[in-house]
Amino acid sequence: MSSAFVVIIALLGLAVGSFLNVAASRVPEGRSVVRPRSACPRCAVQIAARDNIPIASWLLLGGRCRACRAPIPVRYPLVEALTAVLFLAEAMRFGRSETLPAELVFTAGLLALAACDAERFLLPRRLIYPTLGLTAACLLAAAAATGQWHRLGVTAACGVGAFAVFFTLHWVRPAWLGFGDVRLAGLLGTGLGWLGPWHLVFALLAGSLAGLLVGIALMAAGRATRQTRLPFGVFLAAGAIAAILVGAPVIHWYASLNDLSAMGAPLSAVRR
């Protein structure tokens, strides 16, 4: 990648991360993400442009409001930095390909949803549906540009299939999954289906395993019980992002193991 492309992607990630913070704060409360301008929740003083620079303003202000010195949650610079880092990682993964815009939109939506779920145990429809629509539109454009319409069909099948599986689990045991997780599954299938069905499987397994390990660790530390609620959407989002970045080599490695085992059976029969 050229240095100019890297700078553009990094700045885009910071700007999008700043918007994601606004969305994660306002959407669960039913407020507009456009108006009014951002203000301190304690003193209601509007945030000046100089205090609204991603990461830098939080550091210069010492993590506090300029007017009333109320603390600004560390979530703000963390989301901004994480968005920039993930955008750069995905730019390295896909390059200047037709796939990149869709995966960037998909990742941004997942970060906003994870922030909402971590803070409020909520996966808002007003975040899931726009992310789904924008991701699908970008993938449609990618299919039109590359002629890979079959991949779009796989994407649709993965989205519908993941939604159906999670809907069934929710219907059988509503205590296991909220309906927000069901909607999120459909989004995961759409965002990952373009890369292949195994990427979706990888994401679901990785997210479930991560949630299980975190739950066990919290119970071992005495900070949770079997009845403690965990934000499953956070783990599903993490699994999906992991599938985007490292899913391909892991899937190829697993496939090579199966190829070797298949070759080993006839060889062992010959030796006998």
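**Exercise 1. Is Cys68 buried, partly exposed or exposed, and what is its relative accessible area?**

*Solution.* Start with the ground rules. This is a predicted model, in which local features need pLDDT of at least 70 and side-chain atom pairs count only at pLDDT 80 or more, while totals for chains, interfaces and linings use all residues. Residues are numbered from 1 along each chain as its sequence is written, and side-chain values use heavy atoms, with hydrogens and water left out.

Next, the cut-offs: buried means under 20% relative accessible area, exposed means over 50%, and partly exposed is in between (1.4 Å probe, protein chains only). Cys68 comes out at 26%, so call it partly exposed.

**Exercise 2. Work out how many disulfides the structure holds, then check two cysteines.**

*Solution.* Step one is the test: a disulfide is a pair of cysteine sulfur atoms within 2.5 Å. Step two is the count, which is 0.

Step three, look at Cys68. Its closest cysteine sulfur is in Cys43 at 3.7 Å, and that is too far for a bond. Now try Cys158: no disulfide here either, as the nearest cysteine sulfur, in Cys138, is 18 Å away. Cys158 has a relative accessible area of 9%, so it's buried.

**Exercise 3. Describe the protein chain as a whole.**

*Solution.* Begin with the secondary structure. Helices (H or I, at least four residues) and strands (E, at least two) are DSSP runs, numbered from the N terminus. By that rule the protein chain has 9 helices and 0 strands.

Then get the dimensions: along the principal axes, the C-alpha atoms fill a box of roughly 80 × 50 × 30 Å. Of the 272 residues in the protein chain, 39% are buried.

For the surface, accessible areas come from the Shrake-Rupley method with a 1.4 Å probe, and for residues only the protein chains shown count as cover. The protein chain totals about 14,900 Å², with 69% of that belonging to carbon and sulfur atoms.

Finish with contacts, meaning heavy atoms within 4.5 Å. Among contacts in the protein chain with a separation of 6 or more, 67% are between residues 24 or more positions apart.

**Exercise 4. Find the aromatic pairs and say which parts of the chain they join.**

*Solution.* A pair of aromatic rings is described by the distance of the centres and the angle of the planes. Rings of Phe, Tyr and Trp (its six-membered ring) pair if their centres lie within 6.5 Å; planes under 30 degrees apart count as stacked, over 60 as edge-to-face, and the rest as tilted.

A search of the whole structure turns up 3 aromatic pairs. One of them is Phe163 with Phe179, edge-to-face, at 6.3 Å centre to centre and 85 degrees between the planes. Phe163 is in helix H6 (residues 149-172) and Phe179 in helix H7 (residues 179-193), so the pair ties together parts that are 16 residues apart in sequence. Phe163 is partly exposed at 32%, and Phe179 is partly exposed at 29%.

Phe179 also pairs edge-to-face with Phe167, at 6.0 Å centre to centre and 90 degrees between the planes. Phe167 lies in H6 and Phe179 in H7, so this pair ties together parts 12 residues apart in sequence. Phe167 is partly exposed too, at 38%. Put together, ring pairs link Phe163, Phe167 and Phe179 into a cluster.

**Exercise 5. Compare helix spans with what you'd expect, and check burial.**

*Solution.* The expected span of a helix is 1.5 Å times one less than its number of residues. Take H6: its 24 residues should span 34 Å, and the end C-alpha atoms are 35 Å apart, which agrees. H7, with 15 residues, reaches 21 Å, close to the 21 Å expected.

Now burial. In H7, 14 of the 15 residues are buried, so the helix is largely enclosed by the rest of the structure. In H6, the buried residues are Thr155, Cys158, Gly159, Ala162, Phe166 and His170.

Zoom in on Thr155, buried at 4% relative accessible area. Not counting residues up to four places away in sequence, Thr155 touches Leu139, Gly189, Thr190, Gly193 and Trp194.
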